[in-house]
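Me: I'd like a close look at the aromatic part of this model and at what surrounds it. Could you take me through it in one connected account?

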Amino acid sequence: MAKGYLVVRAEVPEEADRASFDHWYGSDHLPLAIRTFAAQRGWRCWSRSDPAVHYAFYEFAAVEQAQMLLGSERIKPLVADFDRV
């Protein structure tokens, strides 16, 4: 069975906001999302070609696990938290 990945792309257009976003995502949101999603692992990075773009990757044992998250009740609190920040 093929592994599945959920990729989240965010834009942080204001350079002054990036450090606080980076800290929040790394110390709060990423660990919470890994636990909530029951992902095998997660990691993140900033785009090299566009410094305003941030990517987060969540790995699952199967594609179906990643697909089930889309639109699910489990993802909604994380989306709300993301939108708040």
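**The aromatic cluster and its surroundings**

Reply: At 25% relative accessibility, Trp46 counts as partly exposed; buried would mean under 20% relative accessible area and exposed over 50%, with partly exposed in between (1.4 Å probe, protein chains only). Before going further, please keep in mind that this is a predicted model, where local features need pLDDT of at least 70 and side-chain atom pairs count only at pLDDT 80 or more, while totals for chains, interfaces and linings use all residues. Residues are numbered from 1 along each chain as its sequence is written, and side-chain values use heavy atoms, with hydrogens and water left out.

Now to the rings. Searching the whole structure turns up 11 aromatic pairs; rings of Phe, Tyr and Trp (its six-membered ring) pair if their centres lie within 6.5 Å, with planes under 30 degrees apart called stacked, over 60 edge-to-face and the rest tilted. Phe21 and Trp46 make an edge-to-face pair, 5.9 Å centre to centre with 70° between the planes. Phe21 lies in helix H1 and Trp46 in strand E2, so this pair ties together parts that are 25 residues apart in sequence. The helices (H or I, at least four residues) and strands (E, at least two) are DSSP runs, numbered from the N terminus. Unlike partly exposed Trp46, Phe21 is buried, with a relative accessible area of 9%.

Phe21 also pairs edge-to-face with Phe82, at 6.0 Å centre to centre and 90° between the planes. Since Phe82 belongs to helix H3 (residues 76–84) and Phe21 to H1, that pair ties together parts 61 residues apart in sequence. Phe82 counts as partly exposed, at 24% relative accessibility. Together, Phe21, Trp24, Tyr25, Trp46 and Phe82 form one aromatic cluster.

Which residues does Tyr25, a member of that cluster, touch? Leaving aside neighbours within four places in sequence, Tyr25 is in contact (heavy atoms within 4.5 Å) with Val8, Leu30, Pro31, Arg44, His54, Ala56, Tyr58 and Phe82.

His54 from that list is worth a stop. Its place is in strand E3, and His54 counts as buried at 1% relative accessibility. The side chains of His54 and Arg44 are joined by a polar contact of 3.2 Å; this term covers a pair of N or O atoms within 3.5 Å, where within protein one must be able to donate a hydrogen and the other to accept it, and residues adjacent in sequence count only if both atoms are side-chain atoms. Not counting residues up to four places away in sequence, His54 touches Val8, Arg9, Ala10, Phe21, Tyr25, Arg44, Cys45 and Trp46. Phe21, Tyr25 and Trp46 of the aromatic cluster are thus among the residues that His54 touches.

What lies behind these contacts? An open sheet of three strands has the order E1-E3-E2, with antiparallel pairing; two strands pair if DSSP finds at least two bridges between them. E1 and E2 stand at the edges with a single partner strand each, so one side of each has no neighbour in the sheet. On average, and with direction ignored, neighbouring strands of this sheet are turned by 15° against each other. H1 packs on the sheet and touches E1, E2 and E3, and its direction makes about 160° with that of E2. Here axes are lines fitted to C-alpha atoms, for helices over the stretch in contact, and angles run from 0 to 180 degrees between N-to-C directions.

E2 and E3 run antiparallel and are joined by six bridges, with Ala56 in E3 as the bridge partner of Arg44. A hairpin connects E2 to E3 through six residues.

Finally, the nonpolar core, meaning a set of buried Ala, Val, Leu, Ile, Met, Phe, Trp, Tyr and Cys residues joined through side-chain atoms within 4.5 Å. The largest one has 17 residues, and those with the most contacts inside it are Leu6, Phe21, Tyr25, Phe37, Tyr58 and Phe60. Strand E1 (4–11), helix H1 (15–37), strand E3 (53–60) and helix H2 (63–69) supply at least two residues each. H1 gives the largest share, six residues. Phe21 and Tyr25 therefore appear twice in this account, in the aromatic cluster and among the core residues with the most contacts, and Phe21 is buried at 9%.
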